[in-house]
Amino acid sequence: MPNKVSRRDLLAGAAGALGAAALPSARERVQAQEADTTRVPGGPASARGGRSPHVTVQRDARGGLASRTPLQDLHGTITPSDLHFERHHAGIPAVDPEAYRLLVHGMVERPMVFTLAELKRFPATSRICFLECSGNYPTSAGPDTRPEAVCGMTSTTEWTGVALATLFREVGASPDAAWFLAEGQDAAVMTRSIPMEKAWDDALIAYAQNGEPLRPGQGYPARLLLPGWEGNSNVKWLRRVELADGPFMTREETSKYTDPLADGTARQFSFVFDARSIITAPAYPDVVEPGWVEIRGIAWSGRGTIARVDVSTDGGRTWESARLQEPVLRQAHTRFRQLWRWDGTETEIMSRAVDDTGYVQPTRAALRAERGRRARRYHLNPITAWRVRAGGQVEYRVEAPWDA
Ligand SMILES: Nc1nc2c(c(=O)[nH]1)N[C@H]1C(S)=C(S)[C@@H](COP(=O)(O)O)O[C@H]1N2
Ligand SMILES: [Mo]
C-alpha cells in the first residue's frame, strides 16, 4: 500500500512549493504539478517524445560490443526500439543512406545494384518476430543475476522491408541456386551462407523497425531479417547478396557457430532457434510477500508458435499450464501469466515452453546429455529457475558453468 496522503495534504504541498519563492523554479513547478496536476498547466508538446523522468529503464551495455534488453522491465511483447539488444562484432558503422548500395549477383540472370530508395519502392511487407543472439546465455552467473543477464539478447520488433523473394524474382534467380551469401559493410564484414528456401519463405530486407527507420545498432539503413533464425545470420548493414549452388563456408559457419554433439559429430548450420522461456517476474532482485503473486514471463520459438507454457512452483515436481496472453504470434515473444499463492516457504519457480511442433524446452541436464561435454555456449535454451527464499528474496538458481 502507498503511504496514505490526503487530498488536502497534496494541495497544501503544492501551494507551499509555489509560495516559497516569488517565481517557482522548474523543479518546484514539477513538484507542484505532481502534487496536484490539475492546478498548473502541463508541459508543452514536443517534436520527439521521451520517457518520464521517473522511468530509468535502459539496456545493459557494459559489454561494449553488445547490449542487453531489460526483459524484467518490459510489458507486452514489442521491444521499444531503443531497448532492442545489440550485438556487433566490430562496432556500429556510420552508413550514409545516400551512398548506400545493395548488390545482388551470382547465379542470377541480371546482377543488380539497389539504392535505399529503390528498395523502398518495392511492395513493402511487415513482420513481427523475435531476434536472438546464438550466444544468449550467461557466461558467469551468481544468485544476483537478472533476467536480462540470463537471456537479454532477444528482442521482438515489427520489422518492415521488402521480401527477399521479390528482389530474387527481379534479378532472375537461377533455379539451380541453392544458397546465398549475405555480407555486411561493417569492419567485421559479417558474411553468412543462407539456404535459398528461407528467401522463398519469409526472409526480408528490413529498413524499418517499429515504424521508424532501423536504428544504427540494428543495421541502418538495411539488414537481412530471417524470422526465427539465429541472430548472427541476420546480417546488418547489408551490402552484398551472392547466389550460388552451395554454402560459402565462411568463418562464422565453419568454426564459430557450429555445435559439437555428444556423438562426436557436429551440427554445422543451427539456424532455427528451439523454444525457450523465462519468468521475468518475480525474478532477482524482487522480494515477494506471502499470498497471491502473478508469475509473468515470455516464451518464444524459432520453430513456430508457442502452444503452451508450463509453470512449476515446486522446483519442477508438478507443472501447470500458464495463461497465454494475446497476441500469440509465430516466432515472436509470447507473454504468459500464472497466479500463484505463495505460502512463505522456500521453493523454486520455473517455466517450460512447448511450441506447435511439439518441441519441449529441455532441462539443462537433458541439453547437456544431447550436446555432450564438447558443447559450446551457443544455441542454449535450458529451463531457467528462480529460487524464492523464505524471506521472499528471489535469486537466480545458479547452474554449473556450461563449459565446466
Ligand atoms: N554486419 C553485421 N551483421 C551482424 C553482426 C555483425 O557484427 N555485423 N552481428 C550479428 C549477430 S552475432 C547478432 S546476434 C545480430 C544482432 O542483431 P541486433 O544487433 O540488431 O540485435 O546481428 C548479426 N548481424
Ligand atoms: Mo549473435
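Contact here means heavy atoms within 4.5 Å. With that settled, here are my notes on this predicted model.

1. **Ser81 and its surroundings.** Ser81 sits in the loop that runs between strand 1 (66–67) and strand 2 (86–87). Its relative accessible area is 8%, and anything under 20% counts as buried, so Ser81 is a buried loop residue. Which residues is Ser81 in contact with, leaving aside its neighbours within four places in sequence? The list reads Arg59, Gln209, Asn210, Glu212, Arg215 and Gln218.

2. **Asn210, one of those contacts.** Asn210 belongs to the loop between strand 9 (204–209) and strand 10 (212–213). Have a look at its backbone: phi is positive, about 50°, although Asn210 is not a glycine. Unlike a buried residue, Asn210 is partly exposed, with a relative accessible area of 26%. Asn210 is also in contact with Ser81, as listed above.

3. **The overall picture.** Zooming out, the protein has eight helices and 23 strands. The C-alpha trace spans about 80 × 55 × 35 Å along its principal axes. Of the 404 residues, 50% count as buried. If you take contacts between residues at least 6 apart in sequence, 70% of them join residues at least 24 apart.

4. **Surface and charge.** About 19100 Å² of the protein is exposed, and carbon and sulfur atoms supply 51% of that area. On the charge side, there are 50 positive and 48 negative side chains. The centres of those two sets lie 3 Å apart.

5. **Glu197.** For a residue on the outside, try Glu197 in helix 6 (residues 196–201). Glu197 is exposed, with a relative accessible area of 56%. Its C-alpha atom is 9.7 Å from that of Ala165, and the two residues are 32 apart along the chain.

6. **The four-stranded sheet.** This one is open, with strand order 15-16-20-19 and antiparallel pairing. Why is one side of strand 15 (276–281) and of strand 19 (323–325) left without a neighbour in the sheet? Both stand at the edges and each has a single partner strand, so there is nothing in the sheet on the other side. On average, neighbouring strands in this sheet are turned by 35° against each other, direction ignored.

7. **Strands 15 and 16 up close.** Strand 15 and strand 16 (residues 291–300) run antiparallel and are joined by five bridges. If you want a pair to check in the viewer, Ser277 has Ala299 in strand 16 as its bridge partner.

8. **Two cis prolines.** Ala281 and Pro282 are joined by a cis peptide bond with omega of about -5°. Pro282 lies in the loop between strand 15 and strand 16. There is also a cis bond joining Glu326 and Pro327, with omega of about 0°. Pro327 is found in the loop between strand 19 and strand 20 (334–342).

9. **Gln331.** The loop between strand 19 and strand 20 also holds Gln331. Its phi is near 50°, a positive value in a residue other than glycine. Is Gln331 buried or exposed? At 3% relative accessibility, Gln331 counts as buried.

10. **The five-stranded sheet.** This is another open, antiparallel sheet, ordered 18-17-21-22-23. Strand 18 and strand 23 (394–396) are at the edges with a single partner strand each, so one side of each has no neighbour in the sheet.

11. **Strand 17 in that sheet.** Five of the seven residues of strand 17 (residues 306–312) are buried, so the strand is largely enclosed by the rest of the structure. Strand 17 pairs with strand 21 (residues 347–355) in the antiparallel sense over six bridges. Within strand 21, Met350 stands opposite Ser312. Strand 17 also pairs with strand 18 (residues 320–321), again antiparallel, over two bridges. There, Val311 has Glu320 as its bridge partner, and Asp310 stands opposite Ser321. One thing to keep in mind while you look along the strands: in a regular strand the side chains alternate between the two faces of the sheet.

Definitions and conventions:
Residues numbered from 1 in each chain as written. Chains lettered and ligands numbered in written order. Heavy atoms only, no water. Buried < 20%, exposed > 50% of the residue type's maximum accessible area, 1.4 Å probe, protein only. Areas by Shrake-Rupley, 256 points an atom, 1.4 Å probe, with all protein chains shown as cover. Lys, Arg positive; Asp, Glu negative; His and termini not counted. Charge placed at Lys NZ, Arg CZ, Asp CG, Glu CD. Pairing = 2+ DSSP bridges. Axes fitted to C-alpha atoms, helices over the stretch in contact; angles between N-to-C directions.
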